[in-house]
Structure formats: structure tokens, C-alpha cells
Amino acid sequence: GAIVSRRRATFRIGRTLAATVLLIFGTLLTLEGVIYFWADSTVFSSGHFAALAVQAAKQPPVKTEISRLLVDQAVKAKPDLVTVRPLIETVIETIISTPVFRRILVPALTEMHRTVFNSGHHGVALDLSNGLTVAIGGLRSLNPQLADQVPPDIKTGLIRFGQGGYTTDLSQNLERAHTAMFVLGICGALMLAAAIAISPARRTTIVGIGVTFTVGSLLLILAIGVGRQLAMRQIDVDSTAAAIGSIYDTFLSGLIVWLWIAAVSGALLAAAASSTLRTAGLRQQLEAIRRRLTRLPDSRWARMGYAAVGVAIGPALLLFPVLMLSLIVRAAGLLVLYAGGTELLRLSGLAASSPVPVQREVRTRAETVRTLHRSPLIRFAAIGAILVGMFVGGATLYFNRSSLSPEDVSADEGPQKCNGYVELCDRPINTVAFAATHNSQSAADVPGFYFAEQLHDIGTQLDSGMRGLLIKSHYGIETKKGVLTDLSRETEQETRELGANLGLDGLQAVRRLQASFGQPPKNSSSDPFLCHGFCELGAVALDDALTDVNNFLSRNQNEVLIIFFGDYVSPEDTESAFIRTGLIDRVYTHQAGAPWPTLRQMIDLDERVLVLAENSSTVPRPEWYHDGFSLFQDTPYAFNSAAGLQADSSCAPNRGKPDSPLFLVNHWIQSQTPSQQDAKVVNSYDFLLDRVQRCQRERGLIPNLIAVDFAEIGDLLRVVATINGVGGGDQAASPETTGTPGHGTPFPAHPPTPYPSPVP
């Protein structure tokens with residue numbers, strides 16, 4: 001009997017040892033499988049590789065390094081170019097910062113990827129030469145003064161990474177590594193299954209798998225961070241080191257996300273398995289962990305292991321303090337997740353509770369704990385907490401799914417659409433019609449606006465296809481009751497114009513409304529707002545409106561806009577608002593006498609906003625803030641009825657010069673209380689198209705801006721499509737993508753109720 005017992009004990013120890021070995025190697029190989037999964041969808045896929053490379057190229061350090069390499073190459077090939085090196089750097093930096101660079105990079109990167117991953121080719125090179133030539137040609141249309149200074153015989157654009165048989169060896173090694181990673185990952189999963197099968201304590205083995213998975217993931221994350229720091233420190237050129245760091249972060253961020261998922265999964269697996277064992281409760285577990293971390297073990301080998309870990313962690317804390325601190329804090333978070341998950345599973349009744357105690361004082365406490373575990377309310381709350389945790393985890397993964405699998409930019413994206421249509425891309429902007437809103441800021445769904453002339457705010461207008469904004473800027477002082485017009489910053493002529501637009505009764509009502517606001521706070525500042533005359537009748541902060549415009553352009557990369565200011569705010573303050581909101585980076589500057597760019601050219605250089613000012617023709621202003629009626633001529637706008645819009649005189653010249661190249665058609669019935677019923681008539685397809693085509697014939701110009709009130713009512717987008725000859729002629733375009741004319745998010749079926757009279 002004793003011999004049998006010893007044999008059984010020996011056999012049990014052998015199984016435990018074998019299970020442990022399988023557990024350790026199986027976990028390591030399974031983590032290698034996680035790396036394979038990331039690499040297969042990122043490094044080995046040409047489309048995903050190009051997507052990440054394009055993303056990396058947008059980072060300032062990478063752009064600077066690409067520019068430096070290309071300029072160095074050009075100067076080396078033609079030393080005389082050193083005299084214009086700053087100019088070449090400016091041109092290349094400009095090109096790299098624009099969307100057109102993506103169309104240059106994607107095919108070049110795809111070809112480089114194909115070269116690396118297919119044997120028989122010699123040398124690795126990123127060829128941007130043809131694309132840069134095309135981009136410089138496009139630059140000529142938008143900034144001829146800059147483009148004309150580029151030497152005609154400049155040759156640059158080829159970045160080499162290897163010579164001779166380097167590529168052949170690399171491609172063969174990568175292919176072998178790809179296959180080996182897949183096989184090893186499968187072996188790792190099988191080894192874990194075998195470890196569980198042969199283990200005499202399977203639940204303990206599963207806990208070990210979870211813990212090893214978590215620790216292994218944390219060590220890999222640490223290795224990635226340390227590797228990044230070491231790689232950057234090996235490079236002497238600071239700009240190159242910064243670029244390497246940005247590329248490192250871009251490509252490996254997805255792997256780090258996967259490793260954190262593995263670490264969390266390991267912690268949850270360990271919690272689930274350990275909760276089925278009759279181990280201690282939450283407090284006892286945390287106390288046991290503290291003792292293990294602070295007390296040296298009795299075994300000499302275990303002590304040597306502790307010492308080795310200390311020797312490794314000490315220098316790491318000194319060399320990489322921020323990285324180590326971040327990792328330690330997150331590891332503590334995983335530990336709390338493990339302990340909390342274990343306790344929740346016990347409280348829910350899905351796992352074993354605390355062990356049976358031996359002392360009476362503890363027994364009484366244990367009996368209380370067991371009673372608590374059996375409480376239906378406690379079980380319900382614990383299960384609810386588990387479900388909430390699962391939901392939060394799933395939602396986090398869903399909203400970060402782009403980090404797990406980058407978009408394949410090599411896939412066929414179809415022809416480019418500009419302002420919603422392929423046909424418009426190669427047309428100069430002066431030959432394209434834009435749907436525009438009159439007094440765009442005056443929207444019924446913006447709180448505080450009286451006499452609204454649009455139904456919805458500027459952001460919604462843009463999403464629904466409007467591409468021209470006619471807005472008025474004034475200075476206002478924000479108070480608790482609303483925005484008070486700062487009349488001290490308005491000229492007498494401007495004040496008279498405001499009053500004339502409202503009429504005597506309206507002006508008196510505004511005066512009473514101003515009085516109800518009271519005096520503004522002392523030392524209060526006036527800021528730029530968008531108002532229709534008096535800001536007491538409704539106001540939107542200029543910064544908020546420009547932010548909405550910039551956000552729209554960020555979401556919709558192929559859209560071009562025209563913004564026409566009725567400006568009562570200085571050009572300096574207007575420019576400051578453009579700078580604060582980031583919209584300054586997207587403005588287009590038209591040089592006098594230069595040909596107009598096509599929509600595609602404006603999109604490629606991300607100069608997609610033409611900005612004009614109505615009143616700033618005699619004051620200094622930025623070049624991009626164009627004198628509106630030097631470039632535009634328009635029609636009359638003071639029509640009191642639909643019949644007035646149908647009269648022959650409705651297309652007569654109004655503001656602007658006879659040779660102004662752009663044309664604004666003003667099409668609304670002017671009234672103190674704008675009418676949606678009037679808009680149904682004058683914005684209908686036949687009525688609006690008849691007038692626009694008549695004005696087009698009489699004035700001999702394409703109507704570049706067709707501006708209406710309540711643009712959401714009627715058929716403005718359909719008329720614009722007809723004038724542009726797109727979307728099936730006289731048929732409205734079919735819905736496809738958000739933010740393009742005829743393709744946008746539909747407006748609500750029922751317009752909001754008009755606001756009441758402002759008279760107190």
C-alpha cells in the first residue's frame with residue numbers, strides 16, 4: 001500500500017511538473033500567436049501596411065524626416081540646388097501636408113511592400129518621384145509664385161532602404177517567419193489544452209494560465225516600450241530619432257492594444273477559475289498577495305529569482321521611469337480587476353465561497369458572510385455588476401476597433417467625388433454652382449433667435465448639402481440674458497443700416513429688448529458673434545460656428561466651401577477666430593490674375609474654403625480674406641414678393657464690378673418676419689430654376705452662389721445639380737454619403753415653430 005501511495009504521489013508530481021512546463025511554453029507560444037494575428041493584418045497585408053504608413057506620414061516628425069531625405073537627395077544629385085534648399089523644403093513640406101500625398105504614398109508603399117515580400121527583386125525603395133512631379137504641377141495652379149521658383153530639372157523622390165540581395169533574403173525570411181508564427185501559435189493553444197488535460201488540479205492550472213498570460217502580456221508591453229527607447233537612443237540625428245519613434249508608435253499601437261486585451265483576458269480567466277476554488281475572500285486574497293510581495297521565500301532558488309527581478313526592475317525604473325510607472329499602475333489595475341472579479345463571482349453564487357473556518361470568532365463571521373452570499377438581492381447586484389463590466393469591456397473594444405484592424409487603403413475606393421459628384425472635380429471653382437444659405441447663422445433651432453431665416457444650424461446645413469454660407473459678424477457682449485450688441489464698436493452708418501433693415505417698429509422693439517438685458521458687467525469684453533443685425537435677436541459665437549465648419553471639413557475630405565461675411569468685425573479679430581479654431585489651415589488664397597483652381601486641386605492641397613468680406617475693401621486684411629465684391633457681382637436682394645423675383649429687373653447688376661468673375665444670385669423675399677410659406681413657393685424647383693437660368697443668361701455668368709432663405713424647404717439642391725449638369729440633369733441625386741449635396745442627412749419632416757415677437 002505504501003509503495004502504491006508513493007507511486008501515485010510520484011505520478012501526481014510528474015503530471016503537475018509536465019502540466020506546468022506545458023503551461024509556461026503554451027502561454028508563450030499563444031502570446032506569439034497574438035503577435036502573429038496582429039502582424040498578419042498589419043505587416044503582411046499591403047493595404048493595412050500602407051494605411052498605417054500613411055497615418056505615420058501625417059505625424060510632424062515623419063514629415064520633417066521625409067522632407068529632409070528628399071531634399072538631401074536632390075542636393076546631392078545637383079549641388080547647385082543648395083542655394084534654394086529652403087525653397088525646396090517649403091515645397092515638399094507643403095505637399096507632404098496635403099491629402100494629395102496619400103495618393104502618392106499608397107501606390108508607392110504598396111509597390112515597396114510587394115518588393116519586400118516577393119523574392120527575386122534587388123533593393124528596397126520608396127519611389128515618390130512621379131507623384132511629387134504631379135503635386136508640384138498642382139501647386140502651380142494654387143500658388144504659381146511659389147511653384148515658379150522650383151527648379152525645372154529637380155530630380156528627387158526615391159528613398160532607398162537596401163541594396164543587392166538584401167531584399168531577396170529579407171523576403172524569404174519574412175515568409176518563413178509568417179508560416180512559423182502561425183504554426184507555433186497553434187502549437188501553443190494545443191499545449192495549453194494538454195496542460196489542462198493532464199493536470200491533477202485543473203482549476204489551479206487554469207488559474208496559472210490566466211496569471212501567466214497576464215504577466216507575459218505585461219512583459220511584452222514593457223519590451224516594446226524599452227525597445228522603442230533603445231532604438232531612438234541608437235540614432236544620432238534627432239529628427240530621424242523622432243521620426244522612428246512616431247513610426248514605432250503608429251505601427252505597434254495596435255499590437256499593444258491586443259496585448260492589453262490578452263492581459264485583461266488572463267486576469268478575468270484567473271478570477272473566474274480561482275473563484276470556483278474554496279480560496280479566501282477578497283480581503284484575505286489581497287492580504288496574501290501583500291505578504292507574497294513583501295516577504296522573501298525560504299527557498300534559495302526562489303530568493304535568487306526575487307533578486308534577479310529586483311536587479312532587472314531597478315535599472316529599468318532609473319532608465320525608463322515614465323514607462324515603468326505607467327506599467328506598474330496598469331498592472332495594479334489588473335490585480336484589482338482579478339480580486340474584484342473573484343469576489344463578484346462568489347457573491348453572485350456562481351462560484352465557491354470562503355473556506356470553512358476553525359476558530360469560533362471567525363466562524364461567526366464566516367456564517368455571516370455565507371448568509372450574505374445567499375441573499376437574493378446581493379446575488380442580483382453582483383450579477384448586474386458582472387454584466388455591466390462585460391458591457392463596458394465590449395463597448396471599449398467596439399469603439400477602439402479601428403486600432404485593432406486598420407483600414408485597407410489599397411482597396412478600390414472608386415472615383416473621387418468633389419462636392420458630391422465626380423464630374424465637378426476637374427472644373428475650376430468659378431464654373432461650379434454652390435447651394436448657399438442667406439443669414440446662415442439665423443436658425444430656428446438655435447435658442448434665442450428671433451425672425452429666423454433658416455430652420456437648422458450651420459453644422460446641420462453643411463451635413464445636408466449646403467456649400468455656401470452668407471453670414472454676418474458683429475461684436476457682442478455676453479450676458480446672462482443673451483448677447484448685447486456692442487454698439488460702441490459699430491459706426492454710425494452701420495447702426496443706421498441695422499435700423500433701416502428692421503424698420504421703425506422693429507428698431508423700437510430691439511431698444512426695449514436691449515433695456516431688459518440691463519447694463520453689461522463691468523470690465524466685460526466684447527467678442528465676435530454671428531448676428532443678423534442686432535445680437536439681442538439671436539447670436540452664435542464666431543468661434544463656435546467656425547469650429548462646426550472645421551469639424552465638417554475634417555469629416556468630409558472632398559468638400560469645398562465658400563463663406564461670404566457681411567463683416568462688422570475687424571479682419572484682425574476675424575483672422576484670430578480662424579486661427580483659434582484651426583480653420584485657417586484650410587483657407588484658399590486667390591492671387592489676382594491667376595487661373596482659378598479646380599475643386600480637385602483645392603481638395604488635394606486642403607485649401608478648401610474661399611473666404612470673402614463684404615465691407616473690408618478699404619482696410620488692411622489678410623490675403624486669404626478676399627474683398628468680396630472685387631471677386632463677386634450679385635443681383636438685387638430687396639424683394640417684397642414672389643412677383644418681384646419674377647420681374648425682369650430681378651437679375652439686374654447690383655454690387656460688384658462688371659468684370660468680377662464670380663456671381664451671387666440673391667433669392668428670397670425680404671421681410672421682418674421671414675415666411676416658410678413664401679419659401680415653399682420661391683424655392684420650388686420650377687420657380688427657382690427659372691429665375692436662376694434667366695439671370696445666368698442675362699449676366700453671362702455661372703451662378704456660383706445661389707442663396708435662399710429656409711434652404712431646407714423646396715428644391716435648392718436639385719436646382720444646383722441641374723445648373724451643374726450633374727445628378728441626372730433635372731433629377732435629384734440619390735442618397736449615398738453624408739455631407740454631399742443631395743446625399744446628406746435629411747432634415748426633420750416638420751419644421752420648428754417660429755419664435756415669438758421680441759417685444760417685451
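This report walks through a predicted model of one protein chain, from its overall make-up down to a few individual residues.

## The chain as a whole

Let's start with the broad numbers. The protein chain has 760 residues, and 45% of them count as buried. Its secondary structure comes to 26 helices and 13 strands. If you look at contacts between residues at least 6 apart in sequence, 77% join residues at least 24 apart.

On the outside, the accessible surface adds up to about 37800 Å². Carbon and sulfur atoms account for 60% of that area.

## Helix H2

Helix H2 runs over residues 46–57, which makes 12 residues. From first C-alpha to last it reaches 16 Å, close to the 16 Å expected at 1.5 Å a residue.

This helix is mostly covered, with 10 of its 12 residues buried. Alanine turns up repeatedly in that set: Ala50, Ala51, Ala53, Ala56 and Ala57 are among the buried residues of H2. The others in the buried set are Gly47, His48, Phe49, Leu52 and Val54.

## Helix H25 and what packs on it

Further along the chain, helix H25 takes in residues 685–699. Its 15 residues span 21 Å between the end C-alphas, close to the 21 Å expected at 1.5 Å a residue. Right after H25 comes Gly700, with a positive phi near 70 degrees.

Which residues of H25 are buried? They are Tyr685, Phe687, Leu688, Leu689, Arg691, Val692, Arg694, Cys695 and Arg699, so three arginines sit in that set alongside the likes of Leu688 and Val692. In an α-helix there are 3.6 residues a turn, so residues three or four places apart point the same way. For H25, you can try that spacing on Leu688, Val692, Cys695 and Arg699, which are all in the buried set.

The cover over these buried residues comes from several elements. On the strand side it includes E11 (632–634), E12 (662–667) and E13 (705–708). The helices in the cover include H23 (642–646), H24 (676–682) and H26 (716–724).

## Internal space

How many cavities of 30 Å³ or more are there? The count is 2, and the second largest holds about 70 Å³ of space.

The lining of this second largest cavity includes His667, Trp668 and Ile669, then Pro674, Ser675, Asp678, Ala679, Val682 and Asn683, and finally Val708, Asp709 and Phe710. Helix H24 gives the most to the lining, with 3 residues. By type, the lining residues split into 7 nonpolar, 3 polar and 2 charged.

## Three residues to click on

Phe710, one of the residues lining the second largest cavity, has a positive phi of about 45 degrees although it is not a glycine. This residue lies in the loop between E13 and H26. Is Phe710 buried or exposed? Its relative accessibility is 2%, and because the cut-off for buried is under 20%, Phe710 counts as buried.

Asp606 is another non-glycine residue with a positive phi, here about 55 degrees. You'll find Asp606 in the loop between helix H21 (599–604) and strand E9 (609–613). Asp606 has a relative accessible area of 13%, so it is buried too.

Thr581 belongs to helix H20, residues 571–581. Thr581 counts as buried because its relative accessibility is 12%. Leaving out residues up to four places away in sequence, Thr581 touches Asp543, Leu546, Thr547 and Asn550.

Technical notes:
Residues are numbered from 1 along each chain as its sequence is written. This is a predicted model: local features need pLDDT of at least 70, side-chain atom pairs count only at pLDDT 80 or more; totals for chains, interfaces and linings use all residues. Side-chain values use heavy atoms; hydrogens and water are left out. Helices (H or I, at least four residues) and strands (E, at least two) are DSSP runs, numbered from the N terminus. The expected span of a helix is 1.5 Å times one less than its number of residues. Buried means under 20% relative accessible area, exposed over 50%, partly exposed in between (1.4 Å probe, protein chains only). Contact means heavy atoms within 4.5 Å. Accessible areas come from the Shrake-Rupley method with a 1.4 Å probe; for residues, only the protein chains shown count as cover. On a 1 Å grid over the protein atoms alone, a cavity is a set of points where a 1.4 Å probe fits but cannot get out, and a pocket is an open set with protein on both sides within 12 Å along at least five of seven lines; lining residues have an atom within 4 Å of a point. Grid points are joined across faces, edges and corners, and a volume is the space filled by probe spheres set on the points. Ala, Val, Leu, Ile, Met, Phe, Trp, Tyr, Cys and Pro count as nonpolar, Asp, Glu, Lys and Arg as charged, and the others, Gly among them, as polar.
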